[in-house]
Amino acid sequence: MTDMTEQIEQAEQEEIAGEIIATDVSLEDYMAHYAAQHCEWIEGAVIRMAPATLEHNDLLYYLYNLFSAYFELKPLGRVVGQPFVMRTEAFPNRRREPDLLIVLDSNPSELKDTYLDGPADICIEIVSSESAKRDHGEKFIEYEQGGVPEYWIIDPLRQEARLYRLNEAGVYTRQSEDGNDYYQTPALPGLLLHVPTLWQDKLPGPVATAQFINDTLK
């Protein structure tokens, strides 16, 4: 049995979710040759993410436009889209690429050209059938223990948004929308996330999204 075969079997035994395309890869090699291809690096194994669906892309761009419009009016930070690498101290041998990262200006993590050296303020993952185990399981644990203050799991398959926030004990607790189905986070004052909008067949475009932000921040 070859070393690569043994490493792949070991990775599979450790229940790493995703397609393993290379093993025994150094961090330097990953950053140089794989990171830009929407791959993650887990204990030396390179995991390739499945191609995004139209539904996934529509949600991604809607949320990106929502945050971009918000930060244009409230310059508190920035939204960073995939593929962009995040490192946390709790998992030094793992590099994740969340679908979206919210990085506030007050965040002590160092934002470099190709990666965030430390936890984002909010990590957002949009669930696909291929990523469900990873998003709800592996990443939940890593983001929690890595000190990401908020983790949003947007699951169009089940039309469910699981919005988590770290409590004082460093444990994720699920947050609820208000009576009008809006979620508000203290990290982004004035921002309203209308959860039912996420499940619409046709999501608001950039102009409508910007107008919504402008109206809610008045």
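Where is His38 found with respect to helix 2 and strand 2? In this predicted model, His38 is found in the loop that runs between helix 2 (27–33) and strand 2.

## His38 and its surroundings

The side chain of His38 is joined to that of Gln82 by a polar contact of 3.0 Å. When residues up to four places away in sequence are set aside, His38 touches Ile47, Arg48 and Met49, together with Gln82, Pro83, Glu97 and Asp99.

## The four-stranded sheet

An open sheet is formed by 4 strands in the order 1-3-2-6, with antiparallel pairing. Its edge strands are strand 1 (19–22) and strand 6, each of which pairs on one side only. As a general point, the strands of a sheet pair through backbone hydrogen bonds, either parallel or antiparallel.

Strand 2 (residues 39–42) directs Cys39 and Trp41 one way and Glu40 and Ile42 the other way, and all of these residues are buried. Strand 2 pairs with strand 3 (residues 45–48) in the antiparallel sense over 4 bridges, and within this pairing Ile47 of strand 3 is the bridge partner of Glu40. The hairpin of strand 2 and strand 3 has 2 residues between the strands, and Glu43 takes a positive phi near 55 degrees there. Strand 2 also pairs with strand 6 (residues 94–95), again in the antiparallel sense, over 2 bridges; here Arg94 of strand 6 is the bridge partner of Ile42.

## Val46 in strand 3

Val46 has its place in strand 3. Is Val46 buried or exposed? Because its relative accessible area is 0%, Val46 counts as buried.

Not counting residues up to four places away in sequence, Val46 touches Glu19, Ile20, Ile21, Ala22, Val25, Tyr30 and Tyr34, and in addition Cys39, Glu40 and Trp41. Cys39, Glu40 and Trp41 are themselves buried residues of strand 2. By contrast with these contacts, the C-alpha atoms of Val46 and Leu116, which are 70 residues apart along the chain, are separated by 18 Å.

## The six-stranded sheet

A further open sheet consists of 6 strands in the order 4-7-10-11-12-13, and its pairing is mixed. Strand 4 (77–81) and strand 13 stand at the edges with a single partner strand each, so one side of each is left without a neighbour in the sheet. From one strand to the next, the twist averages 20 degrees.

At the edge formed by strand 4, the pairing with strand 7 (residues 100–104) is antiparallel and extends over 5 bridges, with Val80 standing opposite Leu101 of strand 7. Helix 4 (residues 132–145) packs on the sheet, where it touches strand 10 (122–126), strand 11 (150–155), strand 12 and strand 13, and the direction of helix 4 makes about 170 degrees with that of strand 11.

## The hairpin of strands 12 and 13

Strand 12 and strand 13 pair in the antiparallel sense over 4 bridges, and Leu163 stands opposite Gln175 in strand 13. The two strands form a hairpin with 5 residues between them, in whose turn Gly170 has a positive phi of about 75 degrees.

Val171 is found in the loop between strand 12 (160–166) and strand 13 (172–175). Its relative accessibility is 38%, and Val171 therefore counts as partly exposed. Leaving aside neighbours within four places in sequence, Val171 is in contact with Glu144, Arg165 and Leu166. The C-alpha atoms of Val171 and Gly147 are separated by 9.3 Å, these residues being 24 residues apart along the chain.

## Helix 3 against helix 5

Two packed helices are described by the angle between their axes and the distance between the axes. For helix 3 (residues 54–73) and helix 5 (residues 206–216), the axes come within 9 Å and cross at roughly 45 degrees. Why are helix 3 and helix 5 described as oblique to each other? Their crossing angle of roughly 45 degrees falls outside the ranges for roughly parallel, roughly antiparallel and roughly perpendicular, and the rest count as oblique; helix 3 and helix 5 are therefore oblique to each other.

Helix 3 passes helix 5 in a right-handed crossing. From helix 3, Tyr62, Asn65, Leu66, Ala69, Tyr70 and Leu73 take part in the contact, and they meet Pro206, Thr209, Ala210, Phe212, Ile213 and Asn214 in helix 5.

Methods:
Residues are numbered from 1 along each chain as its sequence is written. This is a predicted model: local features need pLDDT of at least 70, side-chain atom pairs count only at pLDDT 80 or more; totals for chains, interfaces and linings use all residues. Side-chain values use heavy atoms; hydrogens and water are left out. Buried means under 20% relative accessible area, exposed over 50%, partly exposed in between (1.4 Å probe, protein chains only). Two strands pair if DSSP finds at least two bridges between them. A polar contact is a pair of N or O atoms within 3.5 Å; within protein, one must be able to donate a hydrogen and the other to accept it, and residues adjacent in sequence count only if both atoms are side-chain atoms. Contact means heavy atoms within 4.5 Å. Axes are lines fitted to C-alpha atoms, for helices over the stretch in contact, and angles run from 0 to 180 degrees between N-to-C directions. Angles under 35 degrees count as roughly parallel, over 145 as roughly antiparallel, 65 to 115 as roughly perpendicular and the rest as oblique. A crossing is left-handed if the near helix is turned anticlockwise from the far one by less than a right angle, and right-handed if clockwise.
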